[in-house]
Amino acid sequence: MEEQVKEAIIAYLEAAKEKDFSRLSSLKAAEFTKFGEVSPYHRLELPEANALEQLQFASLADLTYEIEDLRVQVYGDIALASFLLSLKGVLVDDYSFTGALHRSLIRATMVLRRERGRWLHLHHHLSSLPEGERRGQRK
């Protein structure tokens with residue numbers, strides 16, 4: 001069961017990486033909500049979360065990610081996953097035709113729900129770690 005949840009998380013990140021926003025949206029439950037690591041900081045409902053993710057991921061080229069310290073807990077048809085998410089890419093400014101290296105380390109908690117044998121994302125809570133922090137220890 002934990003492996004299926006991990007696969008659902010990877011499918012989500014791969015859809016974002018490939019900028020397949022239709023697929024990204026299809027991996028979310030209709031009641032999906034999100035607290036993001038960047039503004040706006042209020043709880044986002046599905047339509048606003050989809051729009052913001054499209055803006056964020058569309059401007060990142062050559063996106064790579066790494067999942068660390070993944071912990072999955074399954075409670076029937078509900079799963080809770082927590083992990084560190086490292087994102088790297090080039091933040092592209094289409095107006096000036098320039099790009100800047102972007103890196104972020106994010107604490108991620110994702111709640112998924114199994115519907116008809118498929119794990120859908122129900123809620124994400126993301127928070128950025130300050131530079132130099134990793135698993136709560138200074139480097």
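Start by selecting P40, which sits in the loop between strand 1 (28-35) and strand 2 (44-45). The model is predicted. Show the backbone here: the peptide bond joining S39 and P40 is cis, with omega at about 5 degrees. As background, most peptide bonds are trans.

**Helix 1**

Go next to helix 1 (2-17). With 16 residues at 1.5 Å a residue, helix 1 should span 22 Å, and the 23 Å between its end C-alpha atoms agrees with that. Which residues of helix 1 are buried? Select V5, A8, I9, Y12, L13, A15 and A16. Look down the axis of helix 1: these buried residues fall within an arc of 160 degrees, so they line one face of the helix. An α-helix has 3.6 residues a turn, so residues three or four places apart point the same way.

Just after helix 1, stop at K19, where phi is positive at about 55 degrees. K19 is a residue other than glycine, and its place is the loop between helix 1 and helix 2 (21-26). Its relative accessible area is 31%, so K19 is partly exposed.

**The nonpolar cores**

Now display the largest nonpolar core, which has 24 residues. Select V5, I9, F83, L85, L112 and W119, the residues with the most contacts inside this core. Two or more residues each come from helix 1, strand 3 (60-75), strand 4 (78-93), strand 5 (98-115) and strand 6 (118-128). Helix 1 gives the largest share, seven residues. In soluble globular proteins, nonpolar side chains tend to be buried together.

Centre the view on V5. What is V5 in contact with, leaving aside its neighbours within four places in sequence? The partners are V72, V74, A79, L112 and W119. A second, separate core has five residues, among them F32, L44, A49 and L52.

**A second positive phi**

Move to the loop between strand 5 and strand 6 and select R116. Phi of R116 is positive, about 50 degrees, although R116 is not a glycine. Most residues other than glycine have a negative phi. Is R116 buried or exposed? At 82% relative accessibility, R116 counts as exposed.

**Salt bridges**

The structure holds seven salt bridges. Begin with R113 and E31, whose closest N and O atoms are 2.7 Å apart. This pair links distant parts of the chain, with R113 in strand 5 and E31 in strand 1, 82 residues apart. Both ends can be coloured by accessibility: R113 is partly exposed at a relative accessible area of 22%, and E31 is partly exposed at 45%.

Then select E45 and R43, a salt bridge with its closest N and O atoms 3.8 Å apart. E45 is partly exposed, with a relative accessible area of 42%, and R43 is partly exposed at 46%.

Continue to D77 and R114. How far apart are the closest N and O atoms of this salt bridge? They are 2.6 Å apart. D77 lies in the loop between strand 3 and strand 4, and R114 lies in strand 5, 37 residues away, so the pair links distant parts of the chain. D77 counts as partly exposed at 41% relative accessibility, and R114 is partly exposed with a relative accessible area of 23%.

The next selection is K28, K34 and E53, which are joined into one network by salt bridges that share partners.

**E53**

End the tour at E53, in helix 3 (residues 46-58). At 1% relative accessibility, E53 counts as buried; the cut-off for buried is under 20%. Show its side chain, which makes a polar contact with the side chain of Y12 at 2.4 Å. The E53 side chain also makes a polar contact with the side chain of K34, at 3.0 Å. Y12 appeared earlier in the tour, among the buried residues of helix 1.

To complete the view, select what surrounds E53. Leaving aside neighbours within four places in sequence, E53 is in contact with Y12, F21, L24, K28, K34 and A58. K28 and K34 in this list also belong to the salt-bridge network with E53.

Definitions and conventions. Residues numbered from 1 in each chain as written. Predicted model: local features only at pLDDT ≥ 70, side-chain atom pairs only at ≥ 80, totals over all residues. Heavy atoms only, no water. Core = buried A, V, L, I, M, F, W, Y, C linked by side-chain atoms within 4.5 Å. Buried < 20%, exposed > 50% of the residue type's maximum accessible area, 1.4 Å probe, protein only. Helix = DSSP H or I, 4+ residues; strand = E, 2+ residues; numbered from the N terminus. Contact = heavy atoms within 4.5 Å. Expected span 1.5 Å × (residues − 1). Arc of directions from axis to C-beta. Salt bridge = Lys/Arg side-chain N within 4 Å of Asp/Glu carboxyl O. Polar contact = N/O pair within 3.5 Å; in protein donor to acceptor, adjacent residues only side chain to side chain.
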